[in-house]
Amino acid sequence: MELSKETTDRSEKQKEYEDNRKVSGNSSDIQRISNDSPSIETKPKLKKMSPTEEKKRAKVEKSQLYIQVDQKQWPIVYAAEYNISFLGLEKLHPFDAGKWGRIFEFLKESKMVREETIVKPQEATEDDLLVVHTRNYINSLKLTDIVEGINEWSMNVAGITEVPPVALLPNFVVQKRVLRPFRHQTGGSILAAKLAMDRGWAINIGGGFHHCSAERGGGFCAYADITLSIKFLFEKVEGVAKVMIVDLDAHQGNGHERDFMDDDRVYIMDVYNRGIYPHDGFAKRAIKRKVELNHFTDDVDYLDAVKKNLKASLEDFTPDIIVYNAGTDILEGDPLGNLSVTDEGIILRDEMVFAKARELNIPIFMLTSGGYTRGTARIIADSILNLRQKKLISCHEAESFMHTETDVSNVGMSHSQSEGSLFSRCKNACVSFISRSSTQEFDQVGREDGQSDKG
């Protein structure tokens with residue numbers, strides 16, 4: 001019986017998928033990216049800028065987000081301030097508002113990182129945000145609206161987070177409990193971009209707010225961290241003239257697409273479920289390589305689409321750095337992504353993207369973006385551990401520091417244990433002596449009592 005072309009193609013994809021699963025990281029031949037930091041001096045002006053552009057450049061220049069990082073620190077960015085908690089209302093949205101902390105804890109449990117071996121970012125200031133965002137948008141996150149004489153607290157933030165009761169909270173609470181974590185994550189994305197240029201790769205355990213543009217937020221995205229990280233690179237880091245965004249979240253990344261609509265320096269590859277939010281037809285015009293998926297796309301078809309289109313994108317365009325928006329809402333069972341990719345498929349996807357970037361010697365930084373099930377934190381951590389195991393990411397100084405600290409700890413423990421053993425021996429000897437003495441005294445008393453009875 002003759003097989004249809006579709007069946008044959010599917011079989012070939014399945015075989016390739018099985019082969020990918022067997023790949024064991026032949027990464028020894030992958031080019032290593034120099035750890036030499038590029039200059040971050042301001043680029044010379046190539047053309048006369050408008051007053052607005054001059055102001056934005058000045059804000060970039062005085063920004064404190066590019067902090068010094070110790071060589072013993074992994075280029076992994078995280079702060080406890082990433083996590084969101086506001087009176088339990090965060091549970092009204094399917095987004096796991098504490099997943100970032102759990103990712104970090106899983107990495108700690110695996111002995112990959114410690115508090116002192118990851119990078120803690122600064123919170124993005126208002127001036128930092130104004131490099132991209134309009135003043136009206138920033139004000140809309142702070143001001144309360146009055147509708148029919150009733151104070152509607154934080155209306156815009158309630159719409160962005162898709163949690164209506166947030167509108168009833170005083171704005172100072174919303175700033176502290178909701179927007180401040182977003183600002184920390186935004187600072188983390190901007191820093192991760194520079195770290196990728198310094199070290200060859202970086203991961204922000206957060207960020208990826210791809211629905212937010214300069215003028216509006218949405219879809220649990222309050223600040224345009226992707227746009228900001230790219231703008232900072234263009235303005236402040238030598239050697240960055242072209243950037244590729246590889247957006248593999250289940251949703252269309254309409255925020256950065258709107259921001260880079262007419263910017264030929266930015267190439268956008270977006271792979272998303274065509275049947276879900278945000279359905280932004282205008283933003284789609286900015287996508288250079290658009291891959292629209294159907295509901296319930298599985299590992300085989302998904303990984304095949306990513307592999308072929310990533311290869312084609314990098315043949316079309318040679319970037320100086322890749323922004324990898326690695327949403328895990330493609331996971332089977334995710335209530336919003338509506339795709340059917342397994343946890344193993346997500347890990348293979350991340351490995352595929354990093355392997356291609358390292359093969360071509362292109363710096364890459366990853367943002368964790370969307371993911372609406374409790375299991376995504378474990379998957380992201382496992383994916384990072386897999387990248388380390390396959391030697392697609394490394395930090396020799398951090399590894400050495402961890403081993404040194406572990407050795408010192410073990411020496412201290414051995415010393416403590418030896419002291420404990422000595423103490424135990426002394427204690428046992430004393431107990432034995434007291435016991436023998438007590439027994440002898442008891443026997444002596446018994447003999448004396450017996451003799452008195454006979455008399």
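A crossing of two helices is called right-handed if the near helix is turned clockwise from the far one by less than a right angle. That idea comes in handy for this predicted model, where H7 passes H8 in just such a right-handed crossing.

To start with the helices, two packed helices are described by the angle between their axes and the distance between the axes. Helix H7 covers residues 171-199, and its axis lies 8 Å from that of H8, at an angle of about 40°. That angle makes H7 oblique to H8. On the H7 side, the contact is made by Thr186, Ser189, Ile190, Ala193, Lys194 and Met197. Across from them, H8 brings in Asp225, Leu228, Ser229, Phe232 and Leu233. Sorted by class, the residues where H7 touches H8 come out as 6 nonpolar, 3 polar and 2 charged.

H8, which spans residues 225-236, also meets helix H2, made of residues 51-62. The axes of H2 and H8 come within 10 Å and cross at roughly 90°, so these two helices are roughly perpendicular to each other. H2 offers Arg57, Val60 and Glu61 to this contact, while H8 supplies Phe232, Glu235 and Lys236. The mix here is 2 nonpolar and 4 charged residues, with no polar ones. Phe232 turns up on the H8 side of the contact with H2, and Phe232 is also listed in the contact with H7.

Elsewhere, helix H3 (residues 99-109) packs with helix H13 (residues 376-389). Their axes are 8 Å apart, at an angle of about 40°, and H3 and H13 are therefore oblique to each other. This crossing, too, is right-handed. From H3, the residues involved are Lys99, Arg102, Ile103, Phe106 and Leu107. They meet Thr376, Ala377, Arg378, Ile380, Ala381, Ile384 and Leu385 of H13. Grouped by class, the contact of H3 with H13 holds 8 nonpolar, 1 polar and 3 charged residues.

Next come the cysteines. A disulfide is a covalent bond between the sulfur atoms of two cysteines, and the structure holds 0 of them. Why does Cys212 not bond to Cys221? The closest cysteine sulfur to that of Cys212 is the one in Cys221, and at 6.9 Å it is too far for a bond. For comparison, a disulfide calls for sulfur atoms within 2.5 Å. Seen from the other end, Cys221 has its closest cysteine sulfur in Cys212, again 6.9 Å away and too far for a bond. Cys212 counts as buried, with 1% relative accessibility, and Cys221 is buried as well, at 4%.

Last, the backbone has a few spots worth a look. Most residues other than glycine have a negative phi, and most peptide bonds are trans. The peptide bond from Tyr277 to Pro278, however, is cis, with omega near 15°. Pro278 sits in the loop between strand E6 (266-273) and helix H10 (281-284). His279 lies in the loop between E6 and H10 too. This histidine has a positive phi of about 55°, although it is not a glycine, and His279 counts as exposed because its relative accessibility is 51%. Lys111 also shows a positive phi, near 70°, in a residue other than glycine. Its place is in the loop between H3 and helix H4 (126-129). With a relative accessibility of 61%, Lys111 counts as exposed.

Methods: Residues are numbered from 1 along each chain as its sequence is written. This is a predicted model: local features need pLDDT of at least 70, side-chain atom pairs count only at pLDDT 80 or more; totals for chains, interfaces and linings use all residues. Side-chain values use heavy atoms; hydrogens and water are left out. Buried means under 20% relative accessible area, exposed over 50%, partly exposed in between (1.4 Å probe, protein chains only). Axes are lines fitted to C-alpha atoms, for helices over the stretch in contact, and angles run from 0 to 180 degrees between N-to-C directions. Helices (H or I, at least four residues) and strands (E, at least two) are DSSP runs, numbered from the N terminus. Angles under 35 degrees count as roughly parallel, over 145 as roughly antiparallel, 65 to 115 as roughly perpendicular and the rest as oblique. Contact means heavy atoms within 4.5 Å. Ala, Val, Leu, Ile, Met, Phe, Trp, Tyr, Cys and Pro count as nonpolar, Asp, Glu, Lys and Arg as charged, and the others, Gly among them, as polar.
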